[in-house]
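Subject: Structure handover

Dear colleague,

Here is the structure I promised to pass on. Please look it over before reading my notes.

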Amino acid sequence: YIDQRETIGGQLAARAAGLRARKGRRLFAAYFQAYSGSYAPAEQLAPLYRQAAEFPGVVMLIVGTRPDCLPDETLRLLSGYRPRCEVWLELGLQSAHDATLRRINRGHDFACFVDAVERARGAGLRVAAHAIMEGVALSLGLDAQYFRRTYTARPTLLFRVFEYPANDGEGWGVGEHTDYGLLTLLAQDENGGLQVKTPNGW
């Protein structure tokens, strides 16, 4: 909900029209990413989420937020949209170390993050990193649960969806940067753009 001068439905309509015209897209993911997408009472969030979940062509609702801004009432609200579309949560994790979280004045500890992830799973919401890595494991000839048992066993992975370039005239995006973590997926076009750093350079 970036431009408060326009409704969620209005923003989606404008963005979807551009994607249909330029790229032939018909299915969309509505992404509440800026700041904390659940930092409000559930009764205030409900009409905003509903506009996105019920927008024609939206098959996925993604809410980026903080683990300390996710009460059970909000989880129940989000879970209620699942018959219509998939619902994913993006929970920001700045560090798994409480000392670091205190030093950067994050306002919550690591246990708060783990609790939020476990409650989200209990509400039936998607854990994106596990779902993606199951497909990667199968493509490598491994058991589907390989990464869940090893690298992603603890729910501390960060999942983000970005758009390139930084500004295409229709909204916001991200510029050049370095990714970290386990996996980066890039929808490639004719311009290239993904490089991998090795001991011998890029």
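The notes below go from the chain as a whole to its aromatic pairs and then to its helix packing.

Please keep in mind that this is a predicted model.

Overall layout

The protein chain contains 7 helices and 3 strands. Read from the N terminus, the order of elements is α-β-α-β-α-β-α-α-α-α. The chain has 202 residues, and 34% of them count as buried. Among contacts with a separation of 6 or more, 66% are between residues 24 or more positions apart. The exposed area of the chain is about 12700 Å², with 52% of it supplied by carbon and sulfur atoms.

Aromatic pairs

A pair of aromatic rings is described by how far apart the centres are and by the angle of the planes. The count for this chain is 3 aromatic pairs. One of them is F32 with Y49: the ring centres are 5.3 Å apart and the planes stand at 85 degrees, which is over the 60 degrees required, so this pair is edge-to-face. F32 sits in strand β1 (residues 28-32) and Y49 in helix α2 (residues 42-53), so that the pair links distant parts of the chain, 17 residues apart. F32 has a relative accessibility of 7% and Y49 a relative accessible area of 1%; because buried means under 20%, both qualify.

Another pair is F110 with F113. Here the centres are 6.4 Å apart and the planes at 15 degrees, under the limit of 30 degrees, so the pair is stacked. Both residues belong to helix α5 (residues 110-122), where they are 3 residues apart, or about one turn of the helix. F110 is buried at a relative accessible area of 10%, and F113 is buried too, at 1% relative accessibility.

Which residues do ring pairs link into a cluster? They are F32, Y49 and Y81.

Helix packing

Two packed helices are described by the angle between their axes and by the distance between those axes. Helix α1 (residues 8-23) packs with α2 at an angle of about 25 degrees, and their axes are 8 Å apart. An angle under 35 degrees counts as roughly parallel, so α1 is roughly parallel to α2. Their crossing is right-handed. On the α1 side the contact is made by I8, G9 and L12, and on the α2 side by L48, Q51 and A52.

Helix α2 also packs with α3: the axes come within 10 Å and cross at roughly 20 degrees. These two helices are therefore roughly parallel to each other, and the crossing of α2 and α3 is right-handed. The residues making this contact are A42, E43, L45, A46 and Y49 of α2, together with E73, T74, L77 and L78 of α3.

T74 deserves a separate note. This residue lies in helix α3 (residues 72-79). Is T74 buried or exposed? T74 is buried, as its relative accessible area is 0%. Apart from its neighbours within four places in sequence, T74 is in contact with S38, A42, L45 and Y49.

Y49 thus appears in several of these notes: Y49 pairs with F32, belongs to the ring cluster, and takes part in the contact between α2 and α3.

Regards

Methods. Residues numbered from 1 in each chain as written. Predicted model: local features only at pLDDT ≥ 70, side-chain atom pairs only at ≥ 80, totals over all residues. Heavy atoms only, no water. Helix = DSSP H or I, 4+ residues; strand = E, 2+ residues; numbered from the N terminus. Buried < 20%, exposed > 50% of the residue type's maximum accessible area, 1.4 Å probe, protein only. Contact = heavy atoms within 4.5 Å. Areas by Shrake-Rupley, 256 points an atom, 1.4 Å probe, with all protein chains shown as cover. Phe/Tyr/Trp six-rings, centres within 6.5 Å; stacked < 30°, edge-to-face > 60°. Axes fitted to C-alpha atoms, helices over the stretch in contact; angles between N-to-C directions. Parallel < 35°, antiparallel > 145°, perpendicular 65-115°, else oblique. Left-handed = near helix turned anticlockwise from the far one by under 90°.
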